[in-house]
Amino acid sequence: MTSLLILAVVVLLGIAVWQLTKIFELTQVGSGPDDAASQIANEKDNNINGYLLFAFLGFIYIMTIFCLVKYGSLPLMSNPASEHGILVDNLMWISMILIFIVQIFTQFLLHYFAFKGRGIKGRKARFYSDNDKLEAVWTIIPVITLTGLILYGLYAWNDIMFVDEEEDVLVVEVYAKQFAWDVRYSGKDNTLGKANVRFIKGINLVGVDMSDPNAIDDKMAKELRLPVGKKVVLKFRSQDVLHSAYLPHFRAQMNCVPGMVTQFAFVPTVTTAEMREREEFVTKVNNINNIRAERSQKLMAKGEEALEPYEFDYLLLCNKICGASHYNMQLKVVVDTPEDFEAWLAELPTLGEQVAAEEASNAPVEEQPAETPEELSEVNTDDEAIAQVVK
Ligand SMILES: [Cu+2]
């Protein structure tokens, strides 16, 4: 609130100063030798502005190079961890390189012609209605380029989204809710049991319909584990609002929409262990841990606990602003060797077992006979006796 007030004061002060200068300028009109305060730009003004345009062009180029050098390693644009990720990265690279070349070229032309056409005494502006050839050229080139990009994108999209039902795939459900994710494996039958938000009860966190025979062998998990090299079909549902499951390392993202099932298929190609050994991730993790070590020292100086060292893990993040704790809505993703994955999955209890166990523990214990009126009065009498003694 205070900072808002300060901001308001600064803005109002700025406006006041600006108004004062305008009044001052108005009082000067007609008093200078060459009418210096005139609103009409003279040749000197035009030249200054012309050269400032070049300075601004230089600023854009320098900033572009600076950002590329300083932050170029931050975006994930190479070495994806999924098969289709290469297609996505290629599309990203082609688009970026095209934008880079076009922007270097057009920014130069824009600033150069603005400079060239600046006001010079005695020069008259030439009227030029249109040039069909020129317009055809600058329409056809972008049309061809964009058509190429869109066709490539469509081809990549179809390739990614097409799931052959006959194929040997692993079906996993990812269930979104404010502000966590639940994971359901489809079990031995590789078919997820039907589900509906109305069936949510106790341990049945994602509302599986337990009367559906396909549901009994489903398995719930708190992390998303996947076998390397196998096609995974992720099916998404949401309990409350729009969420979006974003798997940046796998170049995958899909909205989770309440009331419908959306899906995405991909083949993970790099295990978590392999990814941790990759040079770029070793460098990134080291950077993070250096920052954490510095913070830890400050925390320990204040008598607080030090931060734990960070270790790389794949993540599934929510990429739709879905509420107050949206920033914290993430799920650990582990890519294992097929053997390790099978061993881990085999140890998980089935949902059928879990629900049965919960029902057994909730079953009413044998009813105790209710206290008789006599017993109640006895208690009262005892109380009265104690009261007597105390007196
Ligand atoms: Cu969310």
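The expected span of a helix is 1.5 Å times one less than its number of residues. Helices (H or I, at least four residues) and strands (E, at least two) are DSSP runs, numbered from the N terminus. By that count, this protein has nine helices and ten strands. The model is predicted: local features need pLDDT of at least 70, side-chain atom pairs count only at pLDDT 80 or more, and totals for chains, interfaces and linings use all residues. Residues are numbered from 1 along each chain as its sequence is written.

**Overall**

- Of the 391 residues in the protein, 15% are buried. A residue is buried if 20 or more other C-beta atoms lie within 10 Å of its own, exposed if 12 or fewer, and partly exposed in between; C-beta atoms are placed from the backbone.
- Take the contacts between residues at least 6 apart in sequence: 66% of them join residues at least 24 apart. Contact here means that the C-beta atoms, placed from the backbone, lie within 7 Å.

**Helix 6**

- Helix 6 covers residues 279–301. Its 23 residues should span 33 Å at 1.5 Å a residue, and the end C-alpha atoms are 33 Å apart, which agrees.
- Helix 6 is hardly covered, with a count of zero buried residues.
- Gly303 comes just after helix 6 and takes a positive phi of about 85°.

**Helices 3 and 4**

- Helix 3 (residues 85–116) packs against helix 4 (residues 132–161) at an angle of about 165°, and their axes are 10 Å apart. That angle makes the two helices roughly antiparallel, a label for angles over 145 degrees (under 35 is roughly parallel, 65 to 115 roughly perpendicular, the rest oblique).
- Axes are lines fitted to C-alpha atoms, for helices over the stretch in contact, and angles run from 0 to 180 degrees between N-to-C directions.
- Residues of helix 3 that meet helix 4 include Leu87, Leu91 and Leu98. On the helix 4 side, the residues met include Leu149, Tyr152 and Ala156.

**Sheet 3-2-1-5-8**

- Five strands form an open sheet in the order 3-2-1-5-8, with mixed pairing. Two strands pair if DSSP finds at least two bridges between them.
- The edges are strand 3 (219–221) and strand 8 (262–266), each pairing on one side only.
- Neighbouring strands of this sheet are turned by 25° against each other on average, direction ignored.
- Strand 5 (residues 232–238) runs antiparallel to strand 8, and five bridges join them. Phe236 has Thr262 in strand 8 as its bridge partner.

**Sheet 4-10-9-6-7**

- Five strands form an open sheet in the order 4-10-9-6-7, again with mixed pairing.
- The edges are strand 4 (224–227) and strand 7, each pairing on one side only.
- The twist averages 20° from one strand to the next.
- Helix 7 (residues 338–347) packs on the sheet and touches strand 4 and strand 10 (330–336). The direction of helix 7 makes about 135° with that of strand 4.

**Strand 6 and its partners**

- Strand 6 (residues 243–247) is largely enclosed by the rest of the structure, because four of its five residues are buried.
- Strand 6 pairs with strand 7 (residues 252–256) in the antiparallel sense over five bridges. His243 stands opposite Cys256, and Ser244 has Asn255 as its bridge partner.
- These two strands form a hairpin with four residues between them. In the turn, Arg251 has a positive phi of about 55°.
- Strand 6 also runs antiparallel to strand 9 (residues 314–318), joined by two bridges. Here Tyr246 stands opposite Leu317.

Technical notes. Two residues are in contact if their C-beta atoms, placed from the backbone, lie within 7 Å.
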